[in-house]
Amino acid sequence: MKLNLDQLKDINSKSLDLHQVELDILSQKLDKKGINAEDIIKDITELQVATPSWALGTGATRFGRFPGGGEPATLEEKIGDVGILKQLCGQTSSISLHIPWDVPDNAEDVKDLAASYGLRFDSMNSNTFMDDPRGLNTPKGLSYKYGSMCNSEEAIREQSIQHNIDVIEYGKRLGSDSLTVWLADGSNYPGQANFRRQFENVQNSLREIYKAMPEDWYMFTEHKPYEPNFYSTVNNDWGSNLLLAKGTGERCLCLVDLGHHLPNTNIEQVVSRVIMEKRLAGFHFNDSKYSDDDLTVGSLKPYQLFLIFNELVEYMKGDDKQANELAWMIDASHNTKDPMEDLLQSFDAIALAYGQALSIPRATLTEAQMNNDVAGGQEIIQDAYRTDVRPLVREARMRQGAAFSPLQAYRELGVRKELINQRGTRVAVTGL
Ligand SMILES: [Mn+2]
């Protein structure tokens with residue numbers, strides 16, 4: 001399904017008068033701080049965030065799943081949904097696949113279909129945290145029940161390496177250039193496993209996978225302190241993640257998922273440290289109240305999101321660059337919302353936090369810090385956070401032919417209704 005661009009323009013036109021007034025006032029305000037609104041609009045346009053294939057369907061908790069209608073059942077339909085999101089918000093131009101669910105039957109056809117929507121393939125995600133019933137991630141038929149790369153059995157470690165190499169092969173055919181490895185490995189009880197042995201097994205396995213990657217590919221590893229293992233995880237925090245990355249190779253980088261931290265962790269400081277070591281892969285955006293809740297980006301802690309972007313903007317506008325482009329992705333799960341609506345809200349929150357961080361006068365902030373002006377530094381940061389940059393985000397979208405208000409347009413155009421007409425109310429979405 002592709003949206004009718006004339007209809008989208010019609011919907012936008014209703015909001016234009018007031019928008020222009022708001023944009024002019026904001027531009028003048030920013031100008032007084034020495035910030036050019038045009039530069040921010042350009043930067044917002046260029047920030048493209050990948051959509052993961054698993055976020056297009058209703059998510060679940062262990063207490064059940066309540067699917068809505070018209071959800072994508074095939075890889076082709078998932079690509080179509082990302083195409084719609086791109087038309088509505090202009091902020092996503094790639095899809096991240098998760099094997100075993102998104103194995104392409106014919107990679108060339110799938111690539112062509114994605115290109116017809118202006119999409120490419122982002123990082124490929126492997127899965128060794130469960131046994132696929134079809135055996136698609138267990139080429140030797142062995143179980144990951146007691147871990148994958150950390151496993152005490154060599155054959156299981158070899159199997160998990162082989163699965164990751166298979167995922168790289170799918171990715172090569174689709175034009176991807178990175179592999180994301182998230183490990184569930186760890187232990188549930190003291191005495192179950194040896195911390196050091198598990199870590200060394202994972203390290204050695206990652207080195208084997210790294211050797212199989214093309215030379216222009218990157219490997220991303222993602223830490224998580226708990227779940228599904230609750231006593232220990234092998235890659236439990238950013239320090240362990242950095243050790244693994246450094247022990248694996250130059251093109252192994254650390255991914256930060258906003259839900260993968262212990263309560264009250266200063267995530268923006270973690271970001272700063274990883275950047276300092278030139279190992280930041282990018283982000284998995286979501287939000288949380290308690291743990292890995294995978295809620296809509298910016299729905300609970302928008303200030304934290306802004307502070308993270310403050311660190312990122314400092315890096316992106318600085319001259320001490322890493323070799324890689326940062327990889328941005330939403331990694332959320334929608335249990336009670338229409339997944340497409342949730343994603344549109346998430347893209348919006350990311351653009352707003354980025355726009356606010358871009359409106360910080362950096363030289364003035366540095367001056368306050370150098371002079372130990374504590375209250376002054378806080379004022380500068382909070383003034384930017386309290387600046388309503390929505391006119392800039394809307395302008396960035398409309399210049400790309402996208403919607404003034406993506407969520408409102410999605411509803412007015414009756415997108416979900418049309419998808420239900422096409423796909424039915426009962427569809428089996430695949431993926432995690
Ligand atoms: Mn993640």
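These legends walk you through several close-up views of a predicted model.

**View 1. A six-stranded open sheet with parallel pairing.**
Reading across this open sheet, the strand order is E6-E7-E9-E11-E12-E13. Strands E6 and E13 (327–330) stand at the edges with a single partner strand each, so one side of each is left without a neighbour in the sheet. Strands of a sheet pair through backbone hydrogen bonds, either parallel or antiparallel. For a closer look at one pair, turn to E9 and strand E11 (residues 252–257), which pair in the parallel sense over four bridges. Within this pair, Thr221 stands opposite Cys254 in E11.

**View 2. Strand E7 and its partner E6, paired in the parallel sense.**
Strand E6 (residues 124–125) is joined to E7 over two bridges. If you look for the bridge partner of Met124 in E7, you will find Leu179. How many residues of strand E7 (residues 178–182) are buried? Five of the five are, so E7 is largely enclosed by the rest of the structure. Ser178, Thr180 and Trp182 point one way from the strand, while Leu179 and Val181 point the other way. Both groups are buried.

**View 3. A three-stranded open sheet, again with parallel pairing.**
Here the strand order is E1-E4-E5. The edge strands are E1 (51–52) and E5 (120–121), and each of them pairs on one side only. E4 and E5 pair in the parallel sense over two bridges. A handy landmark is Ile95, which stands opposite Phe121 in E5.

**View 4. Helices H7 and H8 in a right-handed crossing.**
The axes of helix H7 (residues 195–212) and helix H8 (residues 238–248) come within 9 Å of each other and cross at roughly 45 degrees. The two helices are therefore oblique to each other. Which residues meet here? On the H7 side they are Val202, Gln203, Leu206, Arg207 and Tyr210. On the H8 side they are Leu244, Gly247 and Thr248. Sorted by class, the contact of H7 with H8 has four nonpolar, three polar and one charged residues.

**View 5. Helices H11 and H14, also in a right-handed crossing.**
Helix H11 (residues 339–358) and helix H14 (residues 390–399) have axes that come within 9 Å and cross at roughly 120 degrees. That crossing angle makes H11 oblique to H14. From H11, the contact is made by Asp348, Ala351, Leu352 and Gly355. From H14, the contributing residues are Arg390, Leu392 and Val393. By class, the residues of this contact divide into four nonpolar, one polar and two charged.

**View 6. The loop with Glu227 and Pro228, between strands E9 and E10.**
Two backbone features sit side by side in this view. The peptide bond from Glu227 to Pro228 is cis, with omega near 5 degrees. Pro228 is found in the loop between strand E9 (218–222) and strand E10 (232–233), and Glu227 lies in the loop between E9 and E10 too. What is notable about phi of Glu227? It is near 75 degrees, a positive value in a residue other than glycine. Is Glu227 buried or partly exposed? With 13 C-beta neighbours inside 10 Å, Glu227 counts as partly exposed.

**View 7. Pro100 and the cis peptide bond that precedes it.**
The bond from Ile99 to Pro100 is cis, with omega near 25 degrees. To find Pro100, follow the loop between strand E4 (94–96) and helix H5 (107–116). Strand E4 also appears in View 3, in the sheet ordered E1-E4-E5.

**View 8. Asp294, a buried residue with positive phi.**
Phi of Asp294 is near 55 degrees, a positive value in a residue other than glycine. Where does Asp294 sit? It is found in the loop between strand E12 (280–285) and helix H10 (302–316). Asp294 has 22 C-beta neighbours inside 10 Å and therefore counts as buried, because the cut-off for a buried residue is 20 or more. Strand E12, at one end of this loop, is a member of the six-stranded sheet of View 1.

Definitions and conventions
Residues are numbered from 1 along each chain as its sequence is written. This is a predicted model: local features need pLDDT of at least 70, side-chain atom pairs count only at pLDDT 80 or more; totals for chains, interfaces and linings use all residues. Axes are lines fitted to C-alpha atoms, for helices over the stretch in contact, and angles run from 0 to 180 degrees between N-to-C directions. Angles under 35 degrees count as roughly parallel, over 145 as roughly antiparallel, 65 to 115 as roughly perpendicular and the rest as oblique. A crossing is left-handed if the near helix is turned anticlockwise from the far one by less than a right angle, and right-handed if clockwise. Two residues are in contact if their C-beta atoms, placed from the backbone, lie within 7 Å. Ala, Val, Leu, Ile, Met, Phe, Trp, Tyr, Cys and Pro count as nonpolar, Asp, Glu, Lys and Arg as charged, and the others, Gly among them, as polar. A residue is buried if 20 or more other C-beta atoms lie within 10 Å of its own, exposed if 12 or fewer, and partly exposed in between; C-beta atoms are placed from the backbone. Two strands pair if DSSP finds at least two bridges between them.
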